[in-house]
Amino acid sequence: MNLSQNWRLAEQRYRLVGEICPHCGVKIYPPRDACPDCSQPAQERFTFSGKGEIYSYTVVLDAPEGYEEQVPYLIALVKLDEGPMLTAQLTDFDREPEIGDRVEMVTRKLRTEGNAGIIVYGYKFRPLLMP
Ligand SMILES: [Zn+2]
């Protein structure tokens with residue numbers, strides 16, 4: 001992996017940085033350097049607020065490798081305030097989430113990798129603390 005890919009991944013993980021289409025204004029996440037709406041090149045960076053709402057969610061009981069210790073956990077389709085939808089784990093819910101619940105991005109431990117126990121961090125969404 002080269003430096004710019006690393007930088008880009010880090011930004012995606014710790015801040016919600018995507019792109020904005022200079023042609024039609026659509027906000028893009030994850031960044032893909034092309035607008036999904038008008039197909040024009042779109043490389044201008046845009047930092048999302050990290051706030052959105054739960055569009056749908058599911059309880060994961062049968063986790064993929066590396067996530068077993070967190071079972072059961074919640075995966076949600078989050079609709080960001082700026083438009084794009086993304087899939088992320090929910091955290092800090094002390095009750096059953098509801099569709100439309102306001103959530104915000106936080107950086108949390110995602111999983112432990114391999115025998116060396118490397119901890120991978122990334123974003124999750126928790127209930128919005130300060131609306
Ligand atoms: Zn566009």
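What percentage of the 131 residues of the chain count as buried? For this predicted model, the answer is 38%. Keep that in mind as you go through the views below.

**Figure 1. The whole chain, with its 1 helix and 8 strands.** Start by walking along the sequence: the pattern you meet is α-β-β-β-β-β-β-β-β, so to speak a helix followed by a run of strands. Now look at who touches whom. Take the contacts between residues at least 6 apart in sequence: 47% of them join residues at least 24 apart. On the outside, the chain exposes about 7900 Å². Carbon and sulfur atoms supply 50% of that area.

**Figure 2. The largest nonpolar core, a set of 18 residues.** Seven names to look for here are Leu16, Leu80, Leu86, Leu90, Val103, Tyr123 and Phe125, which touch the most other members. Where do the core residues come from? Strands β5 (73-80), β6 (85-90), β7 (102-113) and β8 (118-127) each supply at least two of them. The largest share, 4 residues, comes from β5. The core also draws on both domains, taking at least three residues from each of domain 1 (1-48) and domain 2 (50-131). As a bit of background, nonpolar side chains in soluble globular proteins tend to be buried together.

**Figure 3. Leu80 and its contacts.** Zoom in on Leu80, one of the core residues that touch the most other members. Which residues is Leu80 in contact with, leaving aside its neighbours within four places in sequence? They are Leu16, Phe48, Lys51, Gly52, Leu86 and Phe125. Three of these names, Leu16, Leu86 and Phe125, should ring a bell from the core view.

**Figure 4. A nonpolar patch on the surface.** Here you are looking at Val59, Leu61 and Val71, which form a nonpolar patch on the surface. Together they have about 250 Å² of accessible area. Is Leu61 buried or exposed? Its relative accessible area is 63%, and because exposed means over 50%, Leu61 counts as exposed. You can find Leu61 in the loop between β4 (51-60) and β5.

**Figure 5. The salt bridge between Asp81 and Arg102.** The count of salt bridges comes to 5, and this is one of them. The closest N and O atoms of Asp81 and Arg102 are 2.8 Å apart. This pair links distant parts of the chain: Asp81 sits in the loop between β5 and β6, while Arg102 is in strand β7, 21 residues apart. Both partners are partly exposed, with Asp81 at 45% relative accessibility and Arg102 at 35%.

**Figure 6. The salt bridge between Asp101 and Arg95.** In this view the two side chains meet with an N to O distance of 3.0 Å. Asp101 counts as buried, at 13% relative accessibility, because the cut-off for buried is under 20%. Arg95, at 42%, counts as partly exposed.

**Figure 7. The salt bridge between Glu104 and Arg126.** The closest N and O atoms are 3.1 Å apart. Glu104 lies in strand β7 and Arg126 in strand β8, so the pair ties together parts that are 22 residues apart in sequence. Are these two partners buried or exposed? Glu104 is buried, and Arg126 is buried too.

Conventions
Residues are numbered from 1 along each chain as its sequence is written. This is a predicted model: local features need pLDDT of at least 70, side-chain atom pairs count only at pLDDT 80 or more; totals for chains, interfaces and linings use all residues. Side-chain values use heavy atoms; hydrogens and water are left out. A nonpolar core is a set of buried Ala, Val, Leu, Ile, Met, Phe, Trp, Tyr and Cys residues joined through side-chain atoms within 4.5 Å. Buried means under 20% relative accessible area, exposed over 50%, partly exposed in between (1.4 Å probe, protein chains only). Helices (H or I, at least four residues) and strands (E, at least two) are DSSP runs, numbered from the N terminus. Domain bounds come from an automatic or database domain assignment. Contact means heavy atoms within 4.5 Å. Patches are made of residues with over 30% relative accessible area and no salt bridge: like charges are joined within 9 Å, nonpolar side chains (Val, Leu, Ile, Met, Phe, Trp, Tyr) within 5 Å. Accessible areas come from the Shrake-Rupley method with a 1.4 Å probe; for residues, only the protein chains shown count as cover. A salt bridge is a side-chain nitrogen of Lys or Arg within 4 Å of a carboxyl oxygen of Asp or Glu.
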